[in-house]
Amino acid sequence: MSEKTKPYALITGASKGIGKSIAYELAKQGYPLLLVARSDEELKVLSDDLQLKYGINAAILSIDLSTNGASQKVTDWIKMNNYPIGILINNAGYGVWGYFSQSSLTDQLGMMQLNMNVVVELSHLLVPILSQEKQAYILNISSTAAYQAVPTLAVYSATKAFVLSFTRALRFELAQTSISVSCFSPGPVATGFAERAGLNALSKMAEKFNMQPDEVAKMAVKAMFSKKSEVIPGFTNIISVYANRILPKVFIEKTAAGIYKI
């Protein structure tokens with residue numbers, strides 16, 4: 001497929017971390033991009049660099065997806081510009097660390113909106129557009145936290161469990177269509193996630209286990225194009241998830257509570 005005939009890939013949370021690395025990975029493969037995130041300045045720098053290095057179009061939309069109506073605004077932007085979307089990557093998300101009863105309810109609800117509702121909204125709004133392509137893809141970024149309850153990250157882990165379950169069900173529903181749906185669940189990645197969640201105390205430990213975003217992005221894109229249903233990158237993460245399935249839940253939760261303790 002020539003560069004000019006490739007459909008656009010929409011990436012949420014594209015200005016940093018995994019989303020940014022996925023943008024570079026797809027640009028290398030000649031895909032034009034629609035980059036969505038809050039920071040207009042960071043998006044402009046990213047867009048200019050991608051277009052300069054890879055000669056692809058990289059349109060940007062600066063918007064806070066956690067606000068009401070944001071997903072519809074993204075869809076209206078796509079329709080207004082007649083962008084042919086062939087890939088939707090639901091990557092935007094964040095975590096809130098702390099005891100649930102002592103954490104801001106506003107922050108928790110905002111996280112739920114971004115981590116879950118936006119994934120549902122964009123998927124629902126863009127499936128009709130994606131279905132116009134001979135082959136299209138939805139890639140939802142979850143987390144290894146989806147496979148267990150995580151005290152002090154209670155709502156975050158629950159949102160990622162939602163993403164995993166939703167992805168598998170949507171994949172089944174769309175199995176006879178042109179749209180392949182995949183879920184990618186990384187463990188710790190060297191991004192700004194921990195800092196935003198308030199997990200600075202774990203920074204030293206994280207350095208030993210973190211995967212690099214470029215490495216994770218390559219695996220995510222490969223999984224998507226291979227039409228994998230569910231992928232967990234990294235041997236340690238795979239073992240961890242397997243342990244969650246066979247060991248008593250109370251033991252797993254106590255272990256997680258010890259790691260993420262206040």
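This is a short walk through one predicted model, stop by stop.

Before you click: residues are numbered from 1 along each chain as its sequence is written, and side-chain values use heavy atoms, with hydrogens and water left out. Because the model is predicted, local features need pLDDT of at least 70 and side-chain atom pairs count only at pLDDT 80 or more, while totals for chains, interfaces and linings use all residues.

**Stop 1: the sheet.** Colour the strands (DSSP runs of E, at least two residues; helices are runs of H or I, at least four; both are numbered from the N terminus). You'll find 7 strands in an open sheet, ordered E3-E2-E1-E4-E5-E6-E7, with parallel pairing. E3 (58-62) and E7 (230-231) sit at the edges with a single partner strand each, so one side of each has no neighbour in the sheet. Now zoom in on E1 and E4, which pair over 4 bridges; two strands count as paired if DSSP finds at least two bridges between them. Select Ile11 and you'll see Ile89 of E4 opposite.

**Stop 2: helix H1.** Select residues 17-28. These 12 residues reach 17 Å from first C-alpha to last, close to the expected 16 Å (that is 1.5 Å times one less than the number of residues). Is H1 largely enclosed or not? It is, because 9 of its 12 residues are buried (under 20% relative accessible area with a 1.4 Å probe, protein chains only). Among them are Ile18, Ile22 and Leu26. The buried residues of H1 pack against several elements, including strand E1 (8-12), helix H2 (40-54) and helix H8 (213-225). Just after H1, look at Gly30, whose phi is positive, near 85°.

**Stop 3: Leu43.** Hop over to helix H2, where Leu43 sits. At 0% relative accessibility, Leu43 counts as buried. Show Ser15 too: the two are 28 residues apart in sequence, yet 5.5 Å apart in space, C-alpha to C-alpha. Leaving out residues up to four places away in sequence, Leu43 touches Ser15, Val36 and Ile60, among others (contact means heavy atoms within 4.5 Å).

**Stop 4: back to H1, from its neighbours' side.** Add strand E2 (33-37), strand E4 (85-90) and strand E5 (136-141) to your selection, since the buried residues of H1 pack against these as well. Tyr24 and Glu25 of H1 are on the buried list too, so end by displaying their side chains.

Key:
Buried means under 20% relative accessible area, exposed over 50%, partly exposed in between (1.4 Å probe, protein chains only).
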